[in-house]
Amino acid sequence: MPIIWKIIYLRNQKANLTLLTKTYSHFKENSRKLTNEISQQYKMQDSLNALRNLASKGNRYPPSQFLPHTSAFRHYTTKAKRSLLKQDESKIKVYEPRISNTSKQRVYVWGLQETGALGLLTDVKKAQERYTSIVNYPTRLQFSVNNEILDVTAGYGFSAYAVKRSDGETLFGSGLNTDSQIGFQVRNRAQGMKNLDIIIYPTAIRLPRVEGETDSDMMVRCMSAGRAHLIVVTRNGTIFTMGNNSYGQCCRNIIEDEVYRASGVIHRISEKDICDPEDKIVDVVCGQDHTMFLTKLGKVYTCGWGSDGQTGQGHYNTTGTIVQAMGDISGEKIVKLACSCDCVLALNNNGDLFGWGNSEYGQLNDSDTVNTQINTPIHLKLTQGIGKSTDVAAGGSFCMALNEEGLVYTWGYGILGFGPLVEQSSKPQLLLPPLFGRNDFSNKTRVVSIGCGVFHMGAINSDGDLFMWGKNRFGHLGLGHKKDQFFPFKTAINGKVTKVAYGVDHTLAISKAFI
């Protein structure tokens, strides 16, 4: 054979051997991979069978040795699910919301802050740096966070708070103090004592005690504020009056040219000097410059300014002597009094309405021949068509009534809630229930309480929501602006509202936490 053919033959033999070697190696590698996959399938099948057996016996969480290796799940689950299977459930943090103290009242304030009535300012320097004269949205009162507030009342530019504290102080006040309506408040200085005409943060009003009176005796039973006077009734039946007494509204004799600024006079009366021994005072209501007391037996006692007949004593005189109001309420059991200015409404236990005082806009009688200043309580005929009433309110020129079906009626003059085109109504008109939160998803929602200031109105529904409307010059509707509101609109308060105090330029609301 020629040498060239030998070379070609040997080269072909070497190539075949190389190809054979590569083919064998490839076959060997595939066989090893196939063997491993078959082995893993068998392991997985055994583990799944073990899990099924445990599940059939009622074991919800199998021991970790029965769980298949994570590599077996590589084609069937994600990495997140694999980590969830491996973690210990006992180490998972469960969110438990903190439940608020349901017995603690929250107080929200809004309106004119310039007088200090809101009690939000704690430092004069900080107030000057970030001062705002109007707070037009509900703001939580810091004083209510640190103290248990039981009741509130709002006057003309000042506020009072009934509290429960361990140090024995039961009454605090803030705002205007030009007539000592929130007590004798002074500051010690090097030059001498200086009277404080404005209190920017709630300050204790120290009620004078007699020997033997305890802190419990001084707890406030009820209280009310007028234009420049404050009336407080304590649990032991003692009545404390302070502030301006120009018209006898503080239940004492009128002193000519009396100076009320920086006055330490707090007049003290026993309820036994007013009502019968078996009776007691359960509520006090202040108008602009007059005072009314309501007793447990349903009797009404009044004093103060009477030029519009608002004392109901049958005359138009001013008096500091407390006298029982008679007229058509004689023999009736009155359960509610309402007044914010000089028109008075009274509600008896049968749901009938009575009224006296200023009726210039037909609040008490729609007849053109009747006197517009009524000095004796009369039974109101214009409200007989609204059904049995459960609550009433009287503003400066309008009135409100709530019947037992939870329907709200308004009449008189002003922003009554029917839009900008309706300013006066001589008869009670119904405000539709959807304006107060009733709808297809909450068809049982109804109004449970109503109230008003001199120029604005409010209503609380069964869900604890507060709706307000009326004049809004000082942002006291709490709607985030100073525009007048012609329809009831919900005020955003972080809680269920239980009581509202309507001042002439600010509003206070007591609420409870949702949870």
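A residue counts as buried when its relative accessible area is under 20%, as exposed when that area is over 50%, and as partly exposed in between. The structure described here is a predicted model.

**Cysteines**

By the first of these cut-offs C339 is buried, because its relative accessible area is 11%. C452 is buried as well, with a relative accessibility of 9%. A disulfide is a covalent bond between the sulfur atoms of two cysteines. The structure holds 0 disulfides. To be counted, a pair of cysteine sulfur atoms has to lie within 2.5 Å. For C339, the closest cysteine sulfur belongs to C341 and is 6.9 Å away, so the two are too far apart for a bond. For C452, the closest cysteine sulfur is that of C399, and the separation of 7.7 Å is again too far for a bond.

**A four-stranded sheet**

One open sheet has 4 strands in the order β9-β10-β11-β12, and their pairing is antiparallel. The edges are formed by β9 (220–225) and β12 (267–270); each has a single partner strand, so one side of each has no neighbour in the sheet. On average, neighbouring strands of this sheet are turned by 15 degrees against each other, with direction ignored. Strands of a sheet pair through backbone hydrogen bonds, in a parallel or an antiparallel manner. Between β9 and β10 (residues 229–234) there are 5 bridges, and these two strands run antiparallel. Across this pair, S224 stands opposite I231 in β10.

**Two loop residues**

Q105 lies in the loop between α2 (79–86) and β1 (106–112). P208 lies in the loop that runs between β8 (198–204) and β9. The table gives the accessibility of each residue together with a residue that is distant from it along the chain.

| Residue | Relative accessible area | Partner residue | Separation along the chain | C-alpha to C-alpha distance |
|---|---|---|---|---|
| Q105 | 16% (buried) | V145 | 40 residues | 8.5 Å |
| P208 | 34% (partly exposed) | H267 | 59 residues | 9.1 Å |

H267, the partner of P208 in the table, falls within the range of edge strand β12 (267–270).

**The largest pocket**

The largest pocket has a volume of about 750 Å³. It is lined by 40 residues, of which V285, K499, V500, A501 and Y502 are the closest to its centre. Several strands give two or more residues to this lining: β3 (148–154), β9, β13 (281–286), β17 (334–338), β21 (389–394), β25 (447–452) and β29 (496–502). The edge strand β9 of the sheet described above is thus one of the elements that line the pocket. Sorted by class, the lining of the largest pocket consists of 23 nonpolar, 11 polar and 6 charged residues.

**The cavity**

What is the count of cavities of 30 Å³ or more? The count comes to 1 cavity. The volume of the largest cavity is about 50 Å³. Its lining is made up of G406, L407, V408, L431, P433, F436, R438, T445, R446 and V447. These lining residues divide into 6 nonpolar, 2 polar and 2 charged. Arginine counts as charged, and R438 and R446 are among the lining residues of this cavity. Glycine counts as polar, and G406 is one of the residues in the lining.

Definitions and conventions. Residues numbered from 1 in each chain as written. Predicted model: local features only at pLDDT ≥ 70, side-chain atom pairs only at ≥ 80, totals over all residues. Heavy atoms only, no water. 1 Å grid on protein atoms, 1.4 Å probe; cavity = no way out; pocket = protein on both sides within 12 Å on 5 of 7 lines; lining within 4 Å. Points joined across faces, edges and corners; volume = space filled by probe spheres on them. Buried < 20%, exposed > 50% of the residue type's maximum accessible area, 1.4 Å probe, protein only. Pairing = 2+ DSSP bridges. Axes fitted to C-alpha atoms, helices over the stretch in contact; angles between N-to-C directions.
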